[in-house]
Number of protein chains: 2
Amino acid sequence: MYKKKSKRLARYAKALSHPVRIEILKLLENESCCFTGDMVIVFPLAQSTISQHLKELKNAGLIQGELNPPKTKYCINQANWAEAKALLCDFFDVDFSKSTCSI
Amino acid sequence: MYKKKSKRLARYAKALSHPVRIEILKLLENESCCFTGDMVIVFPLAQSTISQHLKELKNAGLIQGELNPPKTKYCINQANWAEAKALLCDFFDVDFSKSTCSI
DNA sequence: AATACTAATCGTAATTTTACGATTTGAAAT
DNA sequence: ATTTCAAATCGTAAAATTACGATTAGTATT
């Protein structure tokens, strides 16, 4: 049907298609890790709604949750994050392999 | 509510959240321009469905249509395309300003 | 004026997304 | 054994997405 790359990219893009999910990921980028409760405080949404968005990010593979009862600690799934970045850079013709060039 | 950047990025990501829209954009990247009819031939979807997807890409600002009756020629909206690229690079910490460094 | 052609729009159905409150789960502390 | 707490799940409603066939619009051509 569609190309594998297109499907994977669309999948990641879908995960990024809601502002709260963008901001959750930004938070995890900065803080490296976060509890669900922290996000419920930060964002003006019900706890169940935040959980739902976290589940979607997890299903898309962008984050992973580590059980730490009664809390859950979330962080970025680095492998898939890197894949998403690579797919997007490829799509937009960004040569990210040179992005560390300092000259 | 949400940060302006997050909303814009989410908007662009949403446009990219369907495989056929990814492939339409790839086609436009390669061919630089395309008629609706070309895409109807390429993709296994009804003409009305393709039109719908083109409308979404147009609403998101990623493409623009030039009336050329009875045909319509679509191409990438370079300004918004650049913005989407910049927002994504910023989000993924890719320094795309250095992407042309050849050393 | 009538016809032909492309593409947009309309109407519709099925599915998915988004959001919420209420309930449940599962481990820790009392 | 109960209670407590965070987080997941359930049930549900409203809205949005995706897809299709049918119709309409608008320009060229005959």
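Reader: Of the atoms of DNA strand C within 4 Å of the protein, what percentage belong to sugar or phosphate?

Author: In this predicted model, the atoms of DNA strand C that lie within 4 Å of the protein can be divided into those of sugar or phosphate and those of bases. Bases account for the rest once the sugar or phosphate atoms are set apart, and the sugar or phosphate share is 61%.

Reader: Which side chain has an N or O atom 2.3 Å from a phosphate oxygen of DNA strand C?

Author: Among the residues that come nearest to DNA strand C are His53(A), Ser51(B) and Tyr74(B). For His53(A), a side-chain N or O atom is 2.6 Å from a phosphate oxygen of the strand, and for Ser51(B) the corresponding distance is 2.6 Å. The side chain with the 2.3 Å distance is that of Tyr74(B).

Reader: Which element gives the largest share of the surface near DNA strand C?

Author: The elements that give two or more residues to this surface include α3 (36-42), α4 (47-60) and β3 (71-76) of chain B, and chain A contributes α4 (47-60). By class, the surface has seven nonpolar, 11 polar and five charged residues. The largest share, five residues, comes from α4(A).

Reader: How far apart are the end C-alpha atoms of helix α2 of chain A?

Author: Helix α2 of chain A covers residues 19-31, and its buried residues include Val20(A), Ile24(A) and Leu28(A). Because each residue is taken at 1.5 Å, the 13 residues of the helix should span 18 Å, and this expectation agrees with the separation of its end C-alpha atoms, which is 18 Å.

Technical notes. Residues are numbered from 1 along each chain as its sequence is written. Chains are lettered from A and ligands numbered from 1 in the order in which they are written. This is a predicted model: local features need pLDDT of at least 70, side-chain atom pairs count only at pLDDT 80 or more; totals for chains, interfaces and linings use all residues. Side-chain values use heavy atoms; hydrogens and water are left out. A residue is near a molecule or strand if one of its heavy atoms lies within 4 Å of it. A polar contact is a pair of N or O atoms within 3.5 Å; within protein, one must be able to donate a hydrogen and the other to accept it, and residues adjacent in sequence count only if both atoms are side-chain atoms. Helices (H or I, at least four residues) and strands (E, at least two) are DSSP runs, numbered from the N terminus. Ala, Val, Leu, Ile, Met, Phe, Trp, Tyr, Cys and Pro count as nonpolar, Asp, Glu, Lys and Arg as charged, and the others, Gly among them, as polar. The expected span of a helix is 1.5 Å times one less than its number of residues. Buried means under 20% relative accessible area, exposed over 50%, partly exposed in between (1.4 Å probe, protein chains only).
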